[in-house]
Protein chains: 2
Amino acid sequence: MVVKVYGPDCGSGKRVIACLIEKGIEFEVVDVDLFKGENKTPEYLKLQPFGVLPVIQDGDYTLYESRAIIRYYAEKYKSQGTELLGKTIDEKGLVEQWLEVEAHNFQPPLYDLVVRLLFPSEFGITPDPKSIKENEEKLAHVLDVYEDRLSKSKYLAGDTFSLADLSHIPFIQYLMVKRMGKEYMIRDRKHVSTWWDDISNRPSWKKVLQLYPALV
Amino acid sequence: MVVKVYGPDCGSGKRVIACLIEKGIEFEVVDVDLFKGENKTPEYLKLQPFGVLPVIQDGDYTLYESRAIIRYYAEKYKSQGTELLGKTIDEKGLVEQWLEVEAHNFQPPLYDLVVRLLFPSEFGITPDPKSIKENEEKLAHVLDVYEDRLSKSKYLAGDTFSLADLSHIPFIQYLMVKRMGKEYMIRDRKHVSTWWDDISNRPSWKKVLQLYPALV
């Protein structure tokens, strides 16, 4: 069964596709253009009632929320492709912990910076220096915690690459876009920088960027 | 092994304790007073580097982020107490989806309303009518989606109570506090109201409220 992915271009859609490639799962994509409001059509809202991306369809099974989708495939195809959930229940607990940190501590300030600095006109937002400064400070604090963690552990949840690392890739990729002017936030932190080079050079992510080029 | 729970009083700590009770897991609590800054002491930051609640210690295993902790115990004691993860991989995918909806769509506007309407002085926040109105509108939209979902399905992820439902209980309990003046948001939606009566009357939640009384 080929998995159909709605919204491959957005950061969260790329999170799903990176996971499908790691697991060796065949997929096809359906473009959904946020800026044309294609995520608010009655047909799309039947799939995803909040009108956000991505959604997958796998036969007659529909699932949304990118971090739910990656957990689903990592478990459904546990013994196929890269093991992404940890080998033991205790390891899996830490994968879950760092997935939650990504969702609640890391992503919100970074998302705000990306919207304000990369897409202000698309989102109809005036860049707001106070908010940019606040979010950069929040993100810097999170990255300081990561620097400490990654000085003791090769990956966030332990010695092996997991969903917790994978889930960070799409939005750090935005942070590394030159016109964001924020690469130093990664590069000034030795262990975070090494980790980023490692996880962003995985064949899965290179394939994602080849299929859906990032901004430069 | 008795599980030690830091921060039983906060909404997220109650989420963890409700899960431990559902699973029949013995626990003891360690109070951490946010308003005295006990979550920012060097000892606490060693356990939870972001200084937020709750954390569990289970022997020499430490875990934070409430939704990671409830997933961990639901899986570790899968065959003990209430089954909270769904019986099949497809059911579990839907549990994950609605857990993510709770975290990303439901909780943020509700949390903002709770802070502004119940704890403005504790958090040093001026109640801001514009923000209250915006967050109430966001939450109303989410509850409209829930009303539709719960008209077709007894619980959010399917026919049985799961982590997805459990995860909503602590913050809806705040919404039902009389001086919030927002009970109608639940009561005006027939299926949401029936669902709330069901999930809030579970013995686990009654036990949580008996141990750590809610505001009234």
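The exercises below, each with a worked solution, concern the boundary between two domains in a predicted model.

**Exercise 1.** Determine which residue ranges make up the domains of chain A, and how many residues each brings to the contact.

*Solution.* Begin with the division of chain A, which gives domain 1 as 3-81 and domain 2 as 89-208. Next, take the centres of the two domains over C-alpha atoms, which lie 21 Å apart. Finally, count the residues in contact, to find 17 from domain 1 of chain A and 21 from domain 2 of chain A.

**Exercise 2.** Find the area buried between the domains, and state which residues of domain 1 of chain A lose the most area to domain 2 of chain A.

*Solution.* The area buried between the two domains of chain A comes to about 1600 Å², with carbon and sulfur atoms giving 65% of it. On the side of domain 1 of chain A, the greatest losses fall on Glu22(A), Arg67(A) and Arg71(A), which together account for 34% of what that side buries.

**Exercise 3.** Describe the polar links across the boundary, and then the make-up of the side that domain 1 of chain A presents.

*Solution.* First, count the salt bridges between the two domains of chain A, of which there are six. Arg71(A) and Glu96(A) are joined through their side chains by a salt bridge, at 2.7 Å from N to O. Then turn to polar contacts, for which eight residue pairs are found across the interface, both residues at pLDDT 80 or more. On the side of domain 1 of chain A that touches domain 2 of chain A, helix H1 (11-22) and helix H3 (66-76) each supply at least two residues, and H1(A) gives the most, with nine residues. Sorted by class, the residues of that side are eight nonpolar, two polar and seven charged.

Technical notes: Residues numbered from 1 in each chain as written. Chains lettered and ligands numbered in written order. Predicted model: local features only at pLDDT ≥ 70, side-chain atom pairs only at ≥ 80, totals over all residues. Heavy atoms only, no water. Domains from an automatic or database assignment. Contact = heavy atoms within 4.5 Å. Buried area = accessible area lost by both parts, 1.4 Å probe. Salt bridge = Lys/Arg side-chain N within 4 Å of Asp/Glu carboxyl O. Polar contact = N/O pair within 3.5 Å; in protein donor to acceptor, adjacent residues only side chain to side chain. Helix = DSSP H or I, 4+ residues; strand = E, 2+ residues; numbered from the N terminus. Nonpolar A, V, L, I, M, F, W, Y, C, P; charged D, E, K, R; others polar.
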